[in-house]
Every structure is written in C-alpha cells, then in structure tokens.
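Here are some exercises to work through with the structure open in your viewer. Try each task yourself before you read the solution.

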Amino acid sequence: MQIAVAQLNLTVGALDANARRVLEAHQSACCAGARVTLTPELSLTGYPPQDLLLRRAFLDDCAQRLQALAAQVDQGVLLVGFPENDGEQCYNAVALLRRGKVRQIYRKQILRADDKRYFEKGCAASPVVFDEGGTRFAILCGDDLIKPGPAKAALAAGAQCGLVADARAYQIDDESAYPAWLSARAKALGLPLIVAQHVGGQDTQVFMGASMALNASGVCAQSLPPWHEALTLVRVKRGEPEVRSNQTQEPSEYHVYQALVTAVRDYVQKNGFPGVVMGLSGGIDSALVLALAVDALGPHRVRTFMLPSPYTSAMSLEDAEAMARTLGVTHHSIALAPLMDAVTKTLTPWFDGAPGALTAQNIQARLRALLLMGLSNQHNWLLLAAGNKSEAAVGYSTLYGDMAGGFAPLKDVTKAWVYRLAHYRNALGQIIPERILMRAPSAELAYGQTDQDTLPPYETLDAIIEGYVERGEDAATLLEQGVSRKHLKETLQLLAVSEYKRRQAVPGPYITAGAFGDDWRYPMTSKWRESLEKQTSEKKEAGKKVKKGE
C-alpha cells in the first residue's frame, strides 16, 4: 500500500485556505493510489499559532472547520493536525478523518517548553493505532520521539509503522543533524517512521521541509525535497517503507541562503505587500539583502535607494549602482546633505554649538530611515533592514536609524556568515561587485571610518557570539579556545548594555539556537557581568579536584 506525505506551506490563521490545501493534497494522493495522507503538525491552523490558541473563538473556529473538512473526506484516511479543546483543556492533536467523520484523535504527549503555555499533554496509556491495507499504523507527533514512551505504547498496541506529524523550525546544519537524529530514533525504537514536515516561512520561523520515511534500522528510505512543497507517495510493505532514497547533498551555504530567501518571500507574500524597498549603501550587508530580495521576489518587486551623505565614497556609489543594474532593479539616489544641514541648523541652538561626532552620525542614520519609511508608507512597500547579528550583539546600530524597517533578513546572521553567503551567491552568478567583498566594512558616517575602529575584529567578535550566545559557553571556555581576554571583556560588556536596542529591533528569521529574541531573554537593566578571572580560577580548581579524584 502507499502512504502520501503532504509537505505543505501553510499560513497561520488561514483556516479555510489551509483546509482547502490539505483536502486538495488528500484528493490528489487518493487519485494516485494512496490509502492514507499524512500532513504536518497543526496543519489546520498553520504553525505556530501562538497566543491565538488562548482565544476560545479561534478554537471554536478550528473545531467547526475540522468538522467541515471531515465531511468532505469520502475516500481513504486523512490525518490533520489541529488544536483540540474539550471545554476545559487544549491539546495539540492529530485527527483521523475517514468516511465523512472524525474517527479518532491522538493527543501529543511530549511537549516543548513553549507548547506548555497552550497545551496539556496526552495520556501515555492511550496510543492511537489504526488498520489500513493490512498494516497497523500509529499516530505520533514529532516531539513524541524524544522519549521512548509514546512509541513503545504504540508498539505494544501492535503498531508496525509510526506516522509522525511534525513541525521543526530550521537551524543551521539541520540538513545533516535532523536526518541523523531521526535515524537514531527509528533505530532505537525499532519502529519504521514516516514524517511530514511544514515548509516555508512564518514570521521569525522558517521550515525546511525535508520530510522523510525511515525503516526500523534507521535507514532513510525516501526523502522529500527541502525548501519546496511536495506530495510524495511512500510504498509500505508490512510496515516497512520501500527504499527509494533520493537524497541530495548541498553545502550548508545553500540551506542557509534558501532559508533566508524563503523567509523574505513568505513574509512579503503572506502579508500582502506588493514589494520591498531598501537602502543600498554599497556595503556587504545591503548587497546580500538585495540578492536575497531579488531571488525571493524577482527584480520587478524590489526598489533600492542610495542616500549618500558627504561621507559616502565614490566607490560605494559606483558599486551600489552597478549591482542594481546587474540585477535589473529600479534604483534611485536622494542626497542627504540638505536634510543634514537643515537638522543641524535647527538643533544647534539646543546643543550649545555644533552636534557632537556621535550625534551627527546618528542624525544621518535617522534621516535615511525617515526617507525610507516615507517611501514604504506611501507605496506600501515593506522596508527591509540590513543589520546583522554581529552588529546587534554589540549595539553597533542606530535606534530609529539603520535599525528601522519591517523585516530584517540578516537578523540572526553573523558577519562571517554574511561573507560566506555573499561568496556562495556570487559562485552561482557574479552579482555582488568584487570591491564590496574585498573592502573593509564601514558605516561611512564619518571620513575614513571602518567598523573595526570601534569593534573587535569580526572574526573574534563572531567567535564570541557563536560560543557565548549560540552554544551557551562560559567565558573561561572561550578564553581556553584562544579568544582575546581584552576583546572578550569588551564584547560581554557591549552585549549586556545593548539589550534595550535588541528589544526594539526589527523582526527577522531565526536560524540558530541562540537567536536574539525568543532564545535570548536577558534583562535590559542588569548589573551582573561575568568575571573572566573568577570563572577561570574556579574552572582550574574544579579540574584539580577531578584529577585528584575528589
């Protein structure tokens, strides 16, 4: 028999549209000979619905839409994820639809920390196993595989194969880490698994897809393409998926780039923007954002503006214009000097003289934001911000200036990854001028300015961010890895005092385990600083005790 895996790009809250997409997938699968169609976790609502789940009206709408969907299922079995409300509790559930009705409901048992805000866990003693085509299938949700209990209960009930509705947001290296984890779980459980994943962008999360089927030995029998919707049939014999592996290996840069393109495309399209606008500075960050925008939307939906000040170099003007011309986007230039003069003249009486150097630089950045936001408002174009994670970590940005915008594609991308992605994109076709890749990064808010005038070298800064923020390592560990004590102390101080800026930052896609936002929740007002000396000495003493066997 055949199981259909529907890897779908759904939209949170679009209940009618989502139900229609699920039904169309099921009908196509049945026409192709499938007996069961598996859809992702919470496929009816889109993922993640977040605090919509706290609204009784939303849950009631979900229940009504599920019943209407069930009434249209006249052949085969359709598995649909939905929030089940029993009048007192809410459960992350999967409904089995057959012959016009909801026949069985499985409730997710292993809940993530965020899930516990909305859901109660299902009963471990109540597996849902059903027969179809001579095979007994168990319904599971993705996190149920973390612990053996749910799968063992299903096996005890006679399950020969697990059908898993999942929703795994992408993180860097998931293209290898996720299949390896699934393989280990299938092998450890001794249970074949067929997994359906979401694909596409939803606000700050982006989903890779890459749904797959594995046999009881953990071998990938079949996989769906990442970053694309797909409906694939998996042939199953006595519970085991037939091996028809079609996995392809792509570099990490491919997956990270596709994650960002997907995030931009879906944020723009799902929110109904006709296109995007952005400032094109001639620097590496805005160059990469432009490449992402064009690859996501096409050149006809992208507008770029150069907003030169007296400090903008001829190289920046030339490179920005050259890149816009290469990509075929509409590009304009608006001189900033008259506005700078007007603001300086207006404020000088209140400054007791000319504005200070930092104040003058921030005024430039805010004037650019003023113009870009005006263009965004007038034409309903989404303003893309070009700031990256390295800058956000240390507050190297201007509130209401270069931090302004509606979406920030590089929000969770370090400077090192910016360059990796730029080189990767150029390898597909030269679009970013070589001078942008070679020159020292600069905000060009003063003559001869470079980022490294006030920041540690980016390779050092990024090593600290990746270790301290993303991997949660302590200062002593970073020192042992060779990070400069001076730069570490400076960066940790800047990291602590810049939280108030990050709280006001533009949203953007999360692609690491330590994204600023949901994964990083530190107080804006805090006097605690990690002591490099104390951490180092304590770690040495602990090491001595271990050697002595204490």
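**Exercise 1. In the predicted model, find out how many residues lie between strands S4 and S5 in their hairpin, and which turn residue has a positive phi.**

Step 1. Go to the link between the two strands: S4 and S5 form a hairpin with 2 residues between them.

Step 2. Check the backbone there. Arg99, in the turn, has a positive phi of about 50°.

Step 3. Now look at the pairing itself. S4 and S5 (residues 101-107) run antiparallel, joined by 6 bridges. To get your bearings, pick Val94, which sits opposite Tyr106 of S5.

**Exercise 2. Work out how strand S3 pairs with S4, and which residue between them takes a positive phi.**

Step 1. Strand S3 covers residues 77-85, and its pairing with S4 is antiparallel, over 9 bridges. Leu79 is a handy marker, as it stands opposite Leu96 in S4.

Step 2. Next, the connection. This hairpin has 4 residues between the strands, and Gly87 is the one with a positive phi, near 100°.

**Exercise 3. Is strand S4 buried or exposed?**

Step 1. Set the cut-off: a residue is buried when its relative accessible area is under 20%.

Step 2. Take one face of S4. Cys90, Asn92, Val94, Leu96 and Arg98 are all buried.

Step 3. Flip to the other face, with Tyr91, Ala93, Ala95 and Leu97: these are buried as well, so both faces are covered.

Step 4. Put it together. For S4 (residues 90-98), 9 of the 9 residues are buried, so the strand is largely enclosed by the rest of the structure.

**Exercise 4. Track down the cysteines: how many disulfides does the structure have, and where do Cys31, Cys220 and Cys141 stand?**

Step 1. Recall the cut-off for calling a disulfide: two cysteine sulfur atoms within 2.5 Å. A search of the whole structure finds 0 of them.

Step 2. Try Cys31. Its nearest cysteine sulfur belongs to Cys30 and is 7.1 Å away, so by the 2.5 Å cut-off there is no disulfide. Cys31 is exposed, at 69% relative accessible area.

Step 3. Try Cys220. Here the nearest cysteine sulfur is that of Cys161, 13 Å away, and again Cys220 is in no disulfide. Cys220 counts as buried, with 13% relative accessibility.

Step 4. Finish with Cys141, which is in strand S7 (residues 135-141). Its relative accessible area is 0%, so Cys141 is buried. Leaving aside residues up to four places away in sequence, Cys141 touches Asn92, Val94, Tyr106, Lys108, Val164 and Ala165. Gly81 is 60 residues from Cys141 in sequence, yet their C-alpha atoms are 9.1 Å apart.

**Exercise 5. Lay out the sheet of 6 strands that contains S7, and say which strands stand at its edges.**

Step 1. Write down the order: S6-S7-S8-S9-S12-S13, an open sheet with mixed pairing.

Step 2. Read off the ends. Strand S6 (129-132) and strand S13 (220-223) each have a single partner strand, so one side of each has no neighbour in the sheet.

Step 3. Ask about the twist: ignoring direction, neighbouring strands are turned by 20° against each other on average.

Step 4. Zoom in on S9 (residues 193-196) and S12 (residues 212-214), which run antiparallel with 3 bridges. Val195 has Met212 of S12 as its bridge partner.

Step 5. Add the helix. H4 (residues 174-189) packs on this sheet and touches S9 and S12, at about 35° to the direction of S12.

**Exercise 6. Do the same for the sheet of 4 strands: what is its order, and which helix lies across S17 and S18?**

Step 1. The order is S18-S17-S16-S19, in an open sheet with parallel pairing.

Step 2. S18 (330-333) and S19 (382-383) are at the edges, each with a single partner strand, so one side of each is left without a neighbour in the sheet.

Step 3. S16 (residues 276-279) runs parallel to S19, with 2 bridges joining them. Val276 is paired with Leu382 of S19.

Step 4. Helix H7 (residues 314-327) lies across S17 (302-306) and S18, at about 165° to S17.

Note on methods:
Residues are numbered from 1 along each chain as its sequence is written. This is a predicted model: local features need pLDDT of at least 70, side-chain atom pairs count only at pLDDT 80 or more; totals for chains, interfaces and linings use all residues. Side-chain values use heavy atoms; hydrogens and water are left out. Buried means under 20% relative accessible area, exposed over 50%, partly exposed in between (1.4 Å probe, protein chains only). Two strands pair if DSSP finds at least two bridges between them. Contact means heavy atoms within 4.5 Å. Axes are lines fitted to C-alpha atoms, for helices over the stretch in contact, and angles run from 0 to 180 degrees between N-to-C directions.
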